[in-house]
Amino acid sequence: MKIFQIRYFLLSSLLLFCVSLQAQKHYILGCTDSIGRQEYKMSIGVKDADVSGILIMKCDSTGVIKCALMNEFGISALNFCISEDRRKVELVNVISFLDKWYIRKVLKSDLEYLFSATEDDLEKENHNRVIKRADDSVILENKKYNITYTLEQLKGNDNEADQ
């Protein structure tokens, strides 16, 4: 009976260790902690037009990441939520000219791929999509639809707090 308990303890310890390694993925983009907020300069470009603005990401207490893309005038272009495991994106609110079922479908799948990507996914082509790093930017290219998503993390000004 004692040998069974030791084996059970070792097996459960190994399982917990593997789960903790899996949970510590290093995502390319996202919130650093549960109370943190990340801000990115984001643009979604096609050959004829683009949507650009500031993407604000905030984790809530359940681990869901809530995101809003606002243009320079403060008009919300895109609101979406990223699930805790980062496998699902729910588009909550989309500006009218992007609010078509076929555009929503492409946006949703591209955002799911972008926010679930890890360092291992850089420069690898996956379903006609490639994620690259260029200086301080992360770039996702959807080669099938010729859409480019560019995100550059905004740096905060510490000098403003001192004044």
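Reader: Among contacts in the protein between residues at least 6 apart in sequence, what percentage join residues at least 24 apart?

Author: The model is predicted, and the chain in it runs through three helices and nine strands, in the order α-β-β-β-β-β-α-β-β-β-β-α from the N terminus on. Counting contacts between residues at least 6 apart in sequence, the share that joins residues at least 24 apart is 36%.

Reader: Which element of the protein has the lowest mean pLDDT?

Author: For the protein, the mean pLDDT is 85, with 82% of residues reaching 70 or more. Among the elements, strand S5 (residues 89-94) has the highest mean, 96, while the lowest, 40, belongs to helix H3 (residues 159-162). Over residues 157-163 the pLDDT is below 50, and beyond near neighbours in sequence this stretch has zero contacts in the model. Where pLDDT is low, the predicted coordinates should not be read in detail, and the element with the lowest mean is helix H3.

Reader: In which sense do strand S4 and S5 pair, and which residue in S5 is the bridge partner of Asn-79?

Author: Strand S4 (residues 76-82) pairs with S5 over five bridges, and the sense is antiparallel. In the hairpin that these strands form, six residues lie between them, and Arg-86 takes a positive phi near 65°. The bridge partner of Asn-79 in S5 is Asn-93.

Reader: Which element gives the most residues to the largest nonpolar core?

Author: The largest nonpolar core has 34 residues, and those with the most contacts inside it are Leu-55, Met-57, Leu-78, Phe-80 and Phe-115. Several elements each supply at least two residues of this core, including strand S1 (37-45), strand S2 (50-59), strand S8 (137-142) and strand S9 (147-153). With six residues, the element that gives the most is H2.

Reader: What is the distance between the end C-alpha atoms of helix H2, and why does it agree with the span expected?

Author: Helix H2 (residues 101-116) has 16 residues, and at 1.5 Å a residue these should span 22 Å. Buried residues in H2 include Val-106, Leu-107, Leu-111, Leu-114 and Phe-115, as well as Asp-110 and Glu-112. The distance agrees with the expected span because the end C-alpha atoms of H2 are apart by 22 Å.

Reader: Which residues of H2 does Phe-80 touch, not counting residues up to four places away in sequence?

Author: Phe-80 is among the residues with the most contacts inside the largest nonpolar core. Its contacts include Leu-55, Ile-65, Cys-67, Val-89, Leu-91 and Val-92. Among the buried residues of H2, those that Phe-80 touches are Leu-111 and Phe-115.

Definitions and conventions
Residues numbered from 1 in each chain as written. Predicted model: local features only at pLDDT ≥ 70, side-chain atom pairs only at ≥ 80, totals over all residues. Heavy atoms only, no water. pLDDT = per-residue confidence, 0-100. Helix = DSSP H or I, 4+ residues; strand = E, 2+ residues; numbered from the N terminus. Contact = heavy atoms within 4.5 Å. Pairing = 2+ DSSP bridges. Expected span 1.5 Å × (residues − 1). Buried < 20%, exposed > 50% of the residue type's maximum accessible area, 1.4 Å probe, protein only. Core = buried A, V, L, I, M, F, W, Y, C linked by side-chain atoms within 4.5 Å.
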